[in-house]
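Student: I am new to this structure. Please take me through one part of it closely, then show me what lies around it.

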Amino acid sequence: MTSRVKVSDEPLSPSGRLFLRPEMDTIIHCALGVEYAMDVEAVKTTIRNSLMLKHPRFCSLLVHDKNGLEHWRRTEVDLDKHILVVENPAEATNNDGSDIEKIVNDYIAGLSVSCPLSLDKPLWEVHIMWEPPCAVFRFHHALGDGIDLMSILLGSCRKVEDPEAVPILDIGGSRKNRKGSFRKLWFQRGVLMGFLKMVLYTLNILMGFLKVVLYSLFFYLEMVLRSLWVRDRKTVISGGEGVELWPREVVTAHLLIEDMKVVKKAIANATINDVLLGMISAGFSKYLDHRSPNSLKKNQRITGVATVNLRKQLGLEDLTKMIESNSRARKGNKFGIILLPIYYAKDVEPLQHVKRAKATLDLKKKSLEGYFSYKVADLAITLLGCKDS
């Protein structure tokens, strides 16, 4: 039995309500492979003392009030209901790595269709597999977005050399401090040159601001049109009626970061994301050309959707302090979406796909499409509800 903690209920966020809709019911799966079989009791002890159980969402039940609205209600967590041991999900025929991956992938694919998370406990589970030795984490998307959940998972780990220290999370280069930049301009080659540089610097900021406004309006208008009226032409990869109920399959791809860096260096100012989008574009083009040759027009568009993190990135120590202080800043989902067009191209050099992807992403980075999509969706769900929005 679980005894409830006396803390006032918190209403579910609009995005959390959306993820709980039967049409969505989104569960995040994360597989973590280990070298040796795990000690279940040690796993329970580690989780019991981890950052996960300090996060309010991981120890809250989903309940409904008299009006049918969802709320989070704090409760005591019974780890025996959350730590589940899997007895031989499939027989491994050999020790080949691909065979092991297939066993884990097939198990996750089965979970994603036939095993919803029970509402009589907080919406997360850990499945421990003996063969192959692996842990499968299941988190309902209503608990939080991927960035938040991965931060919590990493914050629950410790360094090998120092069991009391959390890992160092590389949050990327921070913005350069611009204090004193105007002062430096004044003293470079005299006051007159400093004034001219100041004017150019100000004009550059204004042009950047205008670009942000124009690109944001253009891309968000495109998103509205594609949500309501405009559709991509059907191809062999288009889903059919009831596609959400079709059997699932999880496939693992191995990509070497060193190879991706070689491609990145071949194009000036390219990023790993540019290379990834270019690879997806090239892969779709080859697949479509193989499956339906001569049936597609050049530059036929396939519209993809990418999520954009809108949270301020924190180090793990700051994240730990925030969760322990019960701050609301990290709770729930906070991400926007952007549309990523992919174009069918036949007999094109692979680098051309990357160049086109880079040009697309460079324009997206100059807009607030992701932020607008989050705010508008949040407002629509709040005012109209999940079913009508």
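Which residue's side chain does Lys44 meet in a salt bridge?

Tutor: Keep in mind that this is a predicted model. The side chain of Lys44 meets that of Glu41. From N to O, the distance is 3.9 Å. That falls within the 4 Å cut-off for a salt bridge. Both residues belong to helix H2, which covers residues 40–48. Lys44 and Glu41 are three residues apart there, so about one helical turn separates them. Is Lys44 buried or exposed? Lys44 is buried, because its relative accessible area is 9% and buried means under 20%.

Now compare a pair in another helix. Lys102 and Asp106 form a salt bridge too, at 2.7 Å from N to O. Their helix is H4, residues 97–114. They are four residues apart, so they are again separated by about one helical turn. Lys102 is partly exposed, with 49% relative accessibility. Asp106 is also partly exposed, at 36%.

A further salt bridge joins Glu222 and Arg301. Their closest N and O atoms are 2.9 Å apart. This pair links distant parts of the chain. Glu222 sits in helix H7, while Arg301 sits in strand S8, residues 301–309. Along the chain they are 79 residues apart. Glu222 is buried, with a relative accessible area of 16%. Arg301 is buried as well, at 14%. Back at the starting point, Glu41 and Lys44 are joined with Asp80 in one network, through salt bridges that share partners. Over the whole structure, a search finds 13 salt bridges.

Stay with helix H7 for a moment. H7 runs over residues 190–228 and also holds Leu217. Leu217 is exposed, with a relative accessible area of 55%. It belongs to a nonpolar patch on the surface. The other members are Met207, Phe209, Leu210 and Val213. Together the five residues have about 500 Å² of accessible area.

Next, look at how two helices pack. Helix H9 is residues 272–291, and helix H11 is residues 350–365. Their axes are 8 Å apart and make an angle of about 125°. H9 and H11 are therefore oblique to each other. Their crossing is right-handed.

Now turn to the backbone. Most residues other than glycine have a negative phi, and most peptide bonds are trans. Three places here deserve a look. The peptide bond from Glu131 to Pro132 is cis, with omega near 0°. Pro132 is in the loop between strand S6 (124–129) and strand S7 (134–140). Asn299 has a positive phi, near 65°. Its place is the loop between H9 and S8. Asn299 is partly exposed, at 36% relative accessible area. Asp347 has a positive phi too, near 55°. Asp347 lies in the loop between strand S9 (335–343) and H11. With a relative accessible area of 76%, Asp347 is exposed.

One last stop is Ser60, in strand S3, residues 60–64. Ser60 is buried, with a relative accessible area of 1%. Its C-alpha atom is separated from that of His71 by 9.2 Å. Ser60 and His71 are 11 residues apart along the chain.

Notes:
Residues numbered from 1 in each chain as written. Predicted model: local features only at pLDDT ≥ 70, side-chain atom pairs only at ≥ 80, totals over all residues. Heavy atoms only, no water. Patch = residues over 30% accessible without salt bridge, like charges linked within 9 Å, V, L, I, M, F, W, Y side chains within 5 Å. Areas by Shrake-Rupley, 256 points an atom, 1.4 Å probe, with all protein chains shown as cover. Buried < 20%, exposed > 50% of the residue type's maximum accessible area, 1.4 Å probe, protein only. Axes fitted to C-alpha atoms, helices over the stretch in contact; angles between N-to-C directions. Parallel < 35°, antiparallel > 145°, perpendicular 65-115°, else oblique. Left-handed = near helix turned anticlockwise from the far one by under 90°.
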